[in-house]
Amino acid sequence: MPPRPPSATPQPSTGFITDVSRLLGSFRWAFMPLGLLALVAVGVHAAADTLDDRLVAVVDRVDAAFDGLVGRYDVTAPMVEWVSLELRTRIARILALTWELAADLVLALPALGYREAKSAAVKPAESWRAALEGPAEMPSWRALWRRCLRQPTPMRWLRPLSTAAVVVAGACTVAKLMQGTVYLSWRELMGDQVSDWVARGLALGALVGVLATLGWRAVLRNLQHADAACAQERGRRAFTRGLLGCAVVVPLALAAVLDATPLLSFLR
């Protein structure tokens, strides 16, 4: 009798959750850049919200100086009434919105250029290692850090640091939303103390999760963008590249660190 052909080994069946995970993973090229963009935009908005009162104070001082100048003469004295309190508040809001949109252009738009390694050997759990080593066409953390030390420029240092500040502020905003939602919805069912503990725990989990999945990637992407922009210039032009954008985002980053990052509030 002729030998029987070996039976084909049946392929192991995968579960429903695994199939859904693989399906969603095939769209990472789309939702990862959008997630980075959203996180940076939320952080910029949280920082800009803290500057409203300061901008109103600046507009009031400018208006007071203008009133003192035109009020000296009878001909120009009626001009004192041109800028009312409502108009000053509107001017401050327009300035804050313009500042926020400009910071979004500087920090959030580069996130749309985020691309992950295409190597199939890189597992999701090894994303940190892939970022440290980096593929041949994309500089790694180590290469970027080495260039920051050997060829320092304001753009190479200030853009990633500003991104880190607004990213932490954005993660805190998400965590506060989680904490407030859980506490208010569970307070009547579980009581104030238990719902407060659960809300704080979930908020800390959301904070760590957002930073671990999106936060460091946003910083890496802005560092890559700043490095590529500075690498196109030589000498003094590389040092002055991106100074206007740095001047836009650095004050917002300071506001994010000082007023929009309540990290200790999740522990008290």
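# Close-up views of a ten-helix chain

Start with Glu233, which at 17% relative accessibility counts as buried (buried means under 20% relative accessible area, exposed over 50% and partly exposed in between, with a 1.4 Å probe and protein chains only). Everything in these views comes from a predicted model, where local features need pLDDT of at least 70 and side-chain atom pairs count only at pLDDT 80 or more, while totals for chains, interfaces and linings use all residues. Residues are numbered from 1 along each chain as its sequence is written, and side-chain values use heavy atoms, with hydrogens and water left out.

**View 1. The whole chain: ten helices and zero strands.** From the N terminus on, the elements run α-α-α-α-α-α-α-α-α-α. Helices and strands here are DSSP runs (helices are H or I with at least four residues, strands are E with at least two), numbered from the N terminus. Buried residues make up 33% of the 268 residues. Now look at contacts (heavy atoms within 4.5 Å): among those between residues at least 6 apart in sequence, 82% join residues at least 24 apart.

**View 2. Glu233 and Arg241 meet in a salt bridge.** Their side chains come to 3.2 Å, N to O. To count as a salt bridge, a side-chain nitrogen of Lys or Arg has to lie within 4 Å of a carboxyl oxygen of Asp or Glu. Glu233 is the buried partner, whereas Arg241 is partly exposed at 29% relative accessibility. By this rule the structure has nine salt bridges.

**View 3. Asp60, Asp63 and Arg88 share a network of salt bridges.** Between Arg88 and Asp60, the closest N and O atoms are 2.7 Å apart. This pair links distant parts of the chain, with Arg88 in helix H4 (residues 85-108), Asp60 in helix H3 (residues 52-70) and their positions 28 residues apart in sequence. Arg88 is buried at 16% relative accessibility, while Asp60 is partly exposed at 28%. The other acid, Asp63, also sits in helix H3 and is buried at 9% relative accessibility. Leave out residues up to four places away in sequence, and Asp63 touches Val83 and Arg88.

**View 4. Glu86 and Arg90 pair up within helix H4.** Here the salt bridge has an N to O distance of 3.2 Å. The two residues are four apart in helix H4, so about one helical turn separates them. Glu86 is exposed at 57% relative accessibility, and Arg90 is partly exposed at 45%. As a general point, side chains of opposite charge can pair when their charged atoms come close.

**View 5. One aromatic pair turns up in a search of the whole structure.** The partners are Trp145 and Trp157, arranged edge-to-face at 5.6 Å centre to centre with 70° between the planes. Trp145 belongs to helix H6 (residues 141-150) and Trp157 to helix H7 (residues 154-190), so the pair ties together parts that are twelve residues apart in sequence. For the cut-offs: rings of Phe, Tyr and Trp (its six-membered ring) pair if their centres lie within 6.5 Å, and planes under 30 degrees apart count as stacked, over 60 as edge-to-face and the rest as tilted. Both tryptophans are partly exposed, Trp145 at 48% relative accessibility and Trp157 at 29%.

**View 6. Helix H2 packs against helix H10.** H2 (residues 28-49) and H10 (residues 243-259) pack at an angle of about 80°, with their axes 8 Å apart. That makes H2 roughly perpendicular to H10. From H2, Val44, Ala47 and Ala48 make the contact, and from H10 it is Leu252, Ala255 and Ala256. These contact residues divide into six nonpolar, no polar and no charged. The axes are lines fitted to C-alpha atoms, for helices over the stretch in contact, and angles run from 0 to 180 degrees between N-to-C directions. Angles under 35 degrees count as roughly parallel, over 145 as roughly antiparallel, 65 to 115 as roughly perpendicular and the rest as oblique. As for residue classes, Ala, Val, Leu, Ile, Met, Phe, Trp, Tyr, Cys and Pro count as nonpolar, Asp, Glu, Lys and Arg as charged, and the others, Gly among them, as polar.

**View 7. Ala203 is buried at 0% relative accessible area.** This alanine is found in helix H8 (residues 192-231). Setting aside neighbours within four places in sequence, Ala203 is in contact with Ala175, Met178, Gln179 and Phe266. Gly180 is 23 residues from Ala203 in sequence and 8.9 Å away in space, C-alpha to C-alpha.
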